[in-house]
Amino acid sequence: MTVTTHAATGAATADDQPMTHRQVMEALSGLLLGLFVAVLSSTVVSNALPRILTDLHGGQSAYTWVITATLLTLTASTPIWGKLSDLASKKLLLQIALVIYIASSALAGLSQNTGQLIACRALQGIGAGGVTALAQICLAAMVPPRERGRYGGYFGAVFALATIGGPLIGGVIVDTSWLGWRWCFYVGIPFALAAILVLQRTLKLPVVKRKVKIDYLGALVITGAVSLLMIWITLAGKNYAWLSWQTAAMVGGGLVLGALAVVIERRAAEPIIPPHLFRYRTVTLAAVASVLVGIGMYGATTFLSQYFQLAREKSPTIAGLMTLPMILGLAVSSTVAGKMITKYGKWKAYLVSGTLLLAIGFALLGTVRADTHYGLLSLYMAITGVGLGLTMQNLVLAVQNTVARSELGAASSVVTFFRTMGGAMGVSALGALMNNRVGHYLTENLTAAHIPAAGAGGGGIPDLHKLPAPVVPLVTDAFGHGVGVVFLVAAPFALLAFITVLFIRETALRTSQQD
């Protein structure tokens, strides 16, 4: 059997003496700074991507892949980071993840074409995956579940701050001629360096030392299965038909690799995703709900930026400001729900109401068009944001409250893994759908106006300022309608998440860190 020993320095104290509020907040400052960096890595480019891809001569497919590449590697690496955190120093792993983020950000800023940019974004996803997963795991190691809601609210608030600040920072950067879009990648580096230093000084967790046996084969097979399925979703309907031999090969290959991963994980001494975790009803249902929520969550943040810039002709900076209702809804609901959960110890009602509001918000956003009144749009975004704020952190909390402390890392990463997997597949599929619908509506508009299709500038991301004046309203109408369809398709997935969380059994939140 494997023998577990604790590091001599501080382990007993850390286990026997709960951290004071001040100690938690000091350590939390580094975790939140790291989380801010991870979220910033995706949001800072969201409003800048149309400008970036215009400069690099990329199209809608490249737009989707710049987002998907990060989500793909983030998804595949999350369970590996989570499992490593149960075997090695959480602080060291978190700092390594931040170093990966710094290196990949510097390389992304030097990209000369979309291929290089996508490759750097894939590397960035590995670092972001580590930071996102390990921040939650470190919090779980510091405070018991009953108190975790109180601090988990800060995670939601920082997520919202980065989601607000990212597009605004990115928008200002690309709108400032003497900076340029490359600074969208450089801007996060100082924050990452600061996070490393703060964590070194404030984060003091016991290091559990034991014989480590990493499941490399399981990690490889899981990554292969997820990658095949996402590549298929991204390319199907454009590069080849949905019903084709390529679809059969990729879907079949993905399912075979998935089945093989289950066999490998059942036999592995230290599985990346321990199969026995799914014997817990809460873990299984939370994983399903996370996939469904992820599909809509990443779609909302990804395609709203395109809507404001390409359907409403706004600059990247203004586009970021116009998403404030959704982000404020997320920040406020996450913070308030966290405090209420800590006070009363009840959490299921927030999951149920959050997923229901998410479904309603997506359904309402499905009605938007290029000329939708901003007042109505703000209400729809606020409802969606509140739904996300009530759902995201509490799915993790429910799982962490279910499993033993020794498996907090693996269990926490399972929720993040399935959420980002759903998000990656959702962005790919919804991106393909949007590309199809925008093309369809634009063709209809051009035909009705007796304008040749060449007048719209091809199939890439359009630069509205360079299009002929009569074509611009036809393009904005097509993008407005296309984004509406995307949200309408996302709504049923949120509704399924609502049905799923209804079956999660609420259990009292533990008040100590002991198993």
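# A guided tour from helix α6 outward

Select G125 to begin: its place is in helix α6. Keep in mind as you click along that this is a predicted model. Is G125 buried or exposed? With a relative accessible area of 0%, G125 is buried. Now show the residues around G125, leaving out those up to four places away in sequence, and you will find T70, T73, L74 and S77 touching it. For a distance to draw, pick the C-alpha atoms of G125 and I67: they sit 9.6 Å apart in space, while 58 residues separate the two in sequence.

Stay on this helix for the next stop. Helix α6 covers residues 114-142, and T132 lies in it. T132 counts as buried because its relative accessibility is 17%, and the cut-off for that class is under 20%. Display the side chain of T132 and look for its polar atom: the backbone oxygen of A128 is 2.8 Å from it. Then add L35, A38 and T416, which T132 touches once residues up to four places away in sequence are set aside.

Time to zoom out and see the whole protein. How many helices and strands does the protein have? There are 18 helices and two strands. Of the 515 residues in the protein, 59% are buried. If you compute a contact map, take the contacts with a separation of 6 or more: residues 24 or more positions apart account for 84% of them. Switch on the surface next; the protein exposes about 20,200 Å², and 68% of that comes from carbon and sulfur atoms.

Next, go to helix α11, residues 245-267, and select T247 there. T247 has a relative accessibility of 11%, so it counts as buried. Which side chain makes a polar contact with the side chain of T247? That partner is W232, at 3.0 Å. Colour the other residues that T247 contacts beyond its neighbours within four places in sequence: along with W232, these are Y240, A241, W242 and G252.

A loop comes next. Find E313 between α12 (281-311) and α13 (316-322). Check its backbone torsions: E313 is not a glycine, yet its phi is positive, at about 60 degrees. For context, most residues other than glycine have a negative phi.

Now for two helix pairs. Show helix α14 (residues 324-344) together with helix α16 (residues 374-400); their axes come within 7 Å and cross at roughly 35 degrees. This crossing of α14 and α16 is right-handed. Colour the residues of the contact by class and you get 13 nonpolar, nine polar and no charged.

For the last stop, select helix α17 (residues 408-448) and helix α18 (residues 472-502), which pack at an angle of about 145 degrees with their axes 8 Å apart. The crossing of α17 and α18 is right-handed. On the α17 side, the contact is made by L430, L433, M434, R437, V438, Y441, L442, N445 and L446. From α18, the residues to select include L474, F479, H481 and V489. What does the contact of α17 with α18 hold, by class? It has 15 nonpolar, three polar and two charged residues.

Notes
Residues are numbered from 1 along each chain as its sequence is written. This is a predicted model: local features need pLDDT of at least 70, side-chain atom pairs count only at pLDDT 80 or more; totals for chains, interfaces and linings use all residues. Side-chain values use heavy atoms; hydrogens and water are left out. Helices (H or I, at least four residues) and strands (E, at least two) are DSSP runs, numbered from the N terminus. Buried means under 20% relative accessible area, exposed over 50%, partly exposed in between (1.4 Å probe, protein chains only). A polar contact is a pair of N or O atoms within 3.5 Å; within protein, one must be able to donate a hydrogen and the other to accept it, and residues adjacent in sequence count only if both atoms are side-chain atoms. Contact means heavy atoms within 4.5 Å. Accessible areas come from the Shrake-Rupley method with a 1.4 Å probe; for residues, only the protein chains shown count as cover. Axes are lines fitted to C-alpha atoms, for helices over the stretch in contact, and angles run from 0 to 180 degrees between N-to-C directions. A crossing is left-handed if the near helix is turned anticlockwise from the far one by less than a right angle, and right-handed if clockwise. Ala, Val, Leu, Ile, Met, Phe, Trp, Tyr, Cys and Pro count as nonpolar, Asp, Glu, Lys and Arg as charged, and the others, Gly among them, as polar.
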